[in-house]
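Here's a quick look at one corner of a fold: how two helices meet, and what the backbone does just afterwards. Have the structure open while you read.

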Amino acid sequence: MLTIGSLFLVAVVVARLLSGGKSVQVAQITIPVDRAWSVLCVLTAIHLFLAVFLGRGIEEYCYMLPSGLRAGWVFDEVSASGNGFVHGLVSRASPRRPGGHNHRMSWSDPSTWVSYFSALMAFAAMLPWWWTEHGLTWNGPLWLIPVALLVVVTNWWAGGHWIIALSRLEQIRDRERSGRRQPVDDEELRRVLVLHPGAAALSLSDFEWLIDRYRTIIDQRLLVLSDAQDDSSQASRMREMALSERQIFMYHYEIVRRGFPESDLPPEPWSDTYPGEGYASAPHLVDPDLRRRPKGVIGGIVDFLRNGSS
């Protein structure tokens, strides 16, 4: 749809530049140039609906707390597609200021140039001007100017809404890659063991914190940093989890692992066969099976952005 809409914009502007251009044909449909504004209003309404749907679908996928590999796979699949609005996309998840709503668009991002070009084309296509042998001619009502501005702003907001949502998947991968590698200390371990996965008051951010600490503990081969107040080195203060701690940890860990399968927590992190070379290099994360097209709504979104929107 995005590609068809862009072709329609270019066709309308070209028709206005050519003397006598009264209609354009897109996808086997002939549309009068002076009615282009009504078609663009309809396309804008569709884009607005799809933006809300796409943003909600990606948000729901993020609620599943996917691993960085899975989230990054979705982002890579979409940004590698031939859709000009997402091809080569540079993440826009981080606002210019913390808590702000203004997200930076990189000039090295090809989709940035496509977006600005499409916005200019949309504004020019809606206005009732023609280029004739007498030069530039205006032949229509002035109220089309604010309508054209409204259409451009609405499409810009809609596009930004789902692009920023998509960029958050890349942010998940970046956050996991650059996450802390300091071992969990005794105080954090106590909190890990106290937070019960079945508690109704446990928020999504609590689960996110738990999974992050689980990964850290796995990286450290179930070793934690003792709170012993002395001048010894960090390495000498590392201790093994007590049997009672391991039992509680294993019980809660399995509940979380089954509740959030997309997080890709290993089934037996306490096993001596686990390599312990860092969570990102664990063999279960490079399993080709993980690189299949994701199922459910997010799988449909990937297909739509790769194919259906073109």
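What follows covers a helix pair and then a loop.

This is a predicted model, so treat what comes next as a reading of that model.

Let's start with the helices. α7 spans residues 204–219 and α8 spans residues 243–259. The two pack at an angle of about 120 degrees, and their axes are 11 Å apart. Angles from 65 to 115 degrees count as roughly perpendicular and those over 145 as roughly antiparallel, so α7 and α8 come out as oblique to each other. As for handedness, α7 passes α8 in a left-handed crossing.

Who does the touching? On the α7 side, the contact is made by F207, L210, I211, Y214, I217 and I218. From α8 come F249, H252, Y253 and V256. Sorted by class, that contact has nine nonpolar residues and one polar one, with no charged residues.

Now for the loop between α7 and β5, with β5 covering 223–225. R221 sits in this loop, and L222 has its place there too. What is the sign of phi at R221, a residue other than glycine? Phi of R221 is positive, and L222, also a residue other than glycine, has a positive phi as well. Most residues other than glycine have a negative phi.

Here are the values for the two residues:

| Residue | Phi | Relative accessible area |
|---|---|---|
| R221 | near 55 degrees | 43% |
| L222 | near 65 degrees | 5% |

In terms of exposure, R221 is partly exposed, whereas L222 is buried.

Notes: Residues numbered from 1 in each chain as written. Predicted model: local features only at pLDDT ≥ 70, side-chain atom pairs only at ≥ 80, totals over all residues. Heavy atoms only, no water. Axes fitted to C-alpha atoms, helices over the stretch in contact; angles between N-to-C directions. Helix = DSSP H or I, 4+ residues; strand = E, 2+ residues; numbered from the N terminus. Parallel < 35°, antiparallel > 145°, perpendicular 65-115°, else oblique. Left-handed = near helix turned anticlockwise from the far one by under 90°. Contact = heavy atoms within 4.5 Å. Nonpolar A, V, L, I, M, F, W, Y, C, P; charged D, E, K, R; others polar. Buried < 20%, exposed > 50% of the residue type's maximum accessible area, 1.4 Å probe, protein only.
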